[in-house]
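Welcome! Here are some exercises to work through with the model open in your viewer. Try each one yourself before reading the solution.

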Amino acid sequence: MSHYRIRDNYEDSYGADRAYKKRRHVGGSENINLEERLENLILKVGEKTSSSLESNLEGLVSVLDGDLSNFKEKVLQLLVDCAIRMPEKCTIYSTLVGLLNAKNYDFGAEFVENIVRTFKDSLKNNSWNEARVLLRFIGDLVNCHVVSANSFIQLMGSLLDVTKEDEVPYVRKDWYCYAVISCLPWVGKELYEKRKSPLEFILTAIELYLNARPKKHVNMLRIWSIDVPHPQEEYLDCAWNQIKKLKHDNWMLTIIPRPYLTFDNVLCEALQHNLPVIIPPPHHNACVYPMPWVVYRMFDYTDVTNGPIMPGAHSIERFLVEEHLIQIIDKSYKNSKECANNLMNFVHKNKLPLEYCIVEVIFSLMFHQPKPKYLEIMFGSVLIELSKLSTNTIPLVLAQTTEILYSRIESMHVCAFDRFVSWFAYHLSNFKFSWSWKEWADCLALDPEHPKPKFVREVLQKAMRLSFYERICDIVPSDFEPLLPEKPKPKYKYALENSNLPGQFLSNTLLTKIRSKSPPEEIIEILKEPLMLKNGELIEPADISHSNLIKIDSFVQTILFIASKSFSHAFSAITKFIKVFKFLGENDECQLQILRSTFDLWNADQQMLTVLIDKMLKTQIIECSSVANWIFSKEMTSQFTKLYIWDILSMTINKMSRHVDRLTKELNKAREHLRTTAATYNSSDNSDTEAEKAEPKPSQPSTTTFGVEVPMDVDDNVTEEMVECMEEKLEIAQSDQKNLFLIVFQRFIMILSEHLVKCDTDSEPFDTYWYKYTIGRLQQIFLAHHEQVQKYSSTLEGLLFTPDIDIHILEVFHQFLALHS
């Protein structure tokens, strides 16, 4: 093919306006325009066009080679960025670099230097996924004869040396091992053919490490508690088994495109570059490594009845497909329609059962421990868009998925249970709540604490939030009535004006006063008076204290009943009478009574109860510790295994954590500003004239921040006194956070210990549905808030998780510690 024909093909592919090689020698705005076109050409290479990929690469190399003198720095940086941001086109860009290296050895040397520097920076900056992608790309440069095989083998050996380090976390060793394993599908065959002995040495080192590493953390991360029908493998073990099978198949795989094979006669003549010695940066306490995970499996070849066969669990194709689908979701998750469209246009869709692979990947991300990478609503919206795009397949696969999950729900972790409930309720709400409920009638005869009836009950409860009570009653058969939620309405205990309840007269008085728009101050004065009966007699013994629990109950029930029409009415009432709430909630016992009264009124409406407690936390009417004590109190025993209770506890812990994080950021910012100001002041010229010193300066308005008089612009006027006050405030917040975790874990230990002792005394099996649920919730708290809990792990180990508690409880704590060890 002639040089002109190559260029013609390339113009056909990308538009004639991009054929600008003959107009290289321009300046000003035209030069900028050419740079933008050049960037567009590089970014678009590999996309579908009328010409072949090989032809497009030849044309692009021809264009770039002619313009390297003008845009070399731009091209170097752009190619590194493409290697990072478009890993699915790894082999295309490595081929492009290989062809450029064959034409211009100096350019190849600069590119290798550039990508090695970026790789080192990624390791230093804890950008672990970026570093792993770059390592893979460097490995693929071996295939393109840009990087020598010997130097890459040395790099892998250097990275694996981390696994031999002492007194470093296993999560650090795991990542370096996984980074090496995950690049082998790309470069393994080349190394096997040309450097077989050194490759065997690398593989042996990997196997020795994997056989020796502890795996105590795995049980906490599993979605299923049993390995039937699919083994739940830890990610490193799964990846290693896939590599072993790939090695057994002589490193042959067809799912990775290898355009450089077409140019082998050109690339093999190119001079190669040796990588410099790369030493991994040492570990320090500020390093945050990726947490381990367990590979989620839901389908195998027996679940796919038609079309291509599902790759096996240890097939490297399974790993490559899943990773590629995850990359597609990572890029387009903000737009559910675009995301669904990109998934359905997956490049290898004809080689595998695409719908099953997509659904399994989405659920693996949804169920990911400790928490999903994206909002749960994203997964639901993408699945809905997929159902619209593929009406004949995706709905059937989702129905099959739901049946599979429901049938295995007894062994499902509570975290996945919660997310399954939320997704299914949301999905039903978008499809007219249509479902074959009669096929699940078996749950009606089971123990109410069994996961199956619990799942149906929670789904109907969630679905009611997305519809209305009567609609939910209509969608299920009459047999399911015991699982229907209660009608969401307030239960005002003082509704009967002539009842003999102790707070009835006070409630009647408050009802009249509030409806007549009395101010909060007048309500406070009424609450200061002693409790009386309707006939005017004092309730014995006389109590003029405003902290009397009956007074608190009467006020909370009355004000929230008056404002029960909507969320907005309730929020307005709380805001208007916040002085009264804070006046009554002066201590922990009073705050517990506020929560009890709120629950008594709204226990039939879980959503209203949740948002009211959220509002009270935001307005600081109640403390986070009070919510924790209330959840674990005896009167909440009947609600303990309901999902909304754990939503409230998680919400409470998250609020406390966000508060501590905000104060920490403010303090760090203030300290940095103070250091910068001091350094500037010390380096400034002190030779101001007397006139300049005497010059009057405009005054600034001041305010009080943390008890110190400071100018309004705090950022520009940080003082040591302000920093000290911020430090004190942060210490108080951290103390409150630690106290909250101590309360939560102490209550868990108490109730679980009581259960275990009782079962042992009565000679009954302890592994009941209640026990599994509660121990799962304990794991959930550790996982969902692992970053915060880790800071207090020493305190927890010394005060609560001591060797004398039951081994079943202590094992959960040890599993948590192993996540970061």
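**Exercise 1.** Leaving aside neighbours within four places in sequence, which residues is N114 in contact with?

*Solution.* Start by finding N114, which sits in helix α5 (residues 105-124) of this predicted model. Next, list its contacts, leaving out neighbours within four places in sequence: L76, Q77 and V80. Now take the pair N114 and L76: 38 residues separate them in sequence, while their C-alpha atoms are 7.4 Å apart in space. Finally, check accessibility: N114 counts as buried because its relative accessibility, 8%, falls under 20%.

**Exercise 2.** Decide whether Q154 counts as buried or exposed, then find its C-alpha distance to P276.

*Solution.* Look in helix α7 (residues 149-160), where Q154 is found. The relative accessibility of Q154 is 55%, and the cut-off for exposed is over 50%, so Q154 counts as exposed. For the second part, select the C-alpha atoms of Q154 and P276: they are 9.5 Å apart, with these positions 122 residues apart along the chain.

**Exercise 3.** Work out how helices α16 and α17 are arranged, and which residues make their contact.

*Solution.* First, fit the two axes. Those of α16 (residues 376-389) and α17 (residues 394-407) come within 8 Å and cross at roughly 135°. The crossing angle therefore makes α16 oblique to α17. Then collect the contact residues: L383, L386 and S387 come from α16, and I394, P395 and L398 from α17. Sorted by type, the residues of this contact are 5 nonpolar and 1 polar, with no charged ones.

**Exercise 4.** Place S411 in the chain and describe its surroundings.

*Solution.* S411 belongs to the loop between α17 and α18 (414-429). With 11% relative accessibility, S411 counts as buried. Follow its side chain and you arrive at the backbone oxygen of R408, at 3.1 Å. Beyond the neighbours within four places in sequence, S411 has contacts with I223, W224, S225 and I226.

**Exercise 5.** How many residues has the largest nonpolar core, and which helix gives the most to it?

*Solution.* The largest nonpolar core has 163 residues, and F152, F363, W437 and F455 have the most contacts inside it. Helix α3 (residues 53-85) gives the most to this core, with 15 residues. Now zoom in on F455: apart from neighbours within four places in sequence, it is in contact with Y406, I409, F417, F420, V421, F424 and W440. Another core, of 100 residues, lies apart from the largest one; A563, I622, L752 and L796 are among its members. As background, nonpolar side chains tend to be buried together in soluble globular proteins.

**Exercise 6.** Find the side chain with which the side chain of H785 makes a polar contact.

*Solution.* Go to the loop between α32 (769-784) and α33 (786-791), where H785 lies. At 1% relative accessibility, H785 counts as buried. Its side chain makes a polar contact with the side chain of N654, at 3.5 Å. N654 also appears in the list of H785 contacts beyond four places in sequence, along with S650, I653 and F741.

**Exercise 7.** What percentage of the residues counts as buried?

*Solution.* Of 821 residues in the protein, 52% count as buried. To finish the overview, count the secondary structure, which comes to 35 helices and 2 strands. Along the principal axes, the C-alpha atoms fill a box of roughly 110 × 90 × 55 Å.

Technical notes
Residues numbered from 1 in each chain as written. Predicted model: local features only at pLDDT ≥ 70, side-chain atom pairs only at ≥ 80, totals over all residues. Heavy atoms only, no water. Axes fitted to C-alpha atoms, helices over the stretch in contact; angles between N-to-C directions. Helix = DSSP H or I, 4+ residues; strand = E, 2+ residues; numbered from the N terminus. Parallel < 35°, antiparallel > 145°, perpendicular 65-115°, else oblique. Contact = heavy atoms within 4.5 Å. Nonpolar A, V, L, I, M, F, W, Y, C, P; charged D, E, K, R; others polar. Buried < 20%, exposed > 50% of the residue type's maximum accessible area, 1.4 Å probe, protein only. Polar contact = N/O pair within 3.5 Å; in protein donor to acceptor, adjacent residues only side chain to side chain. Core = buried A, V, L, I, M, F, W, Y, C linked by side-chain atoms within 4.5 Å.
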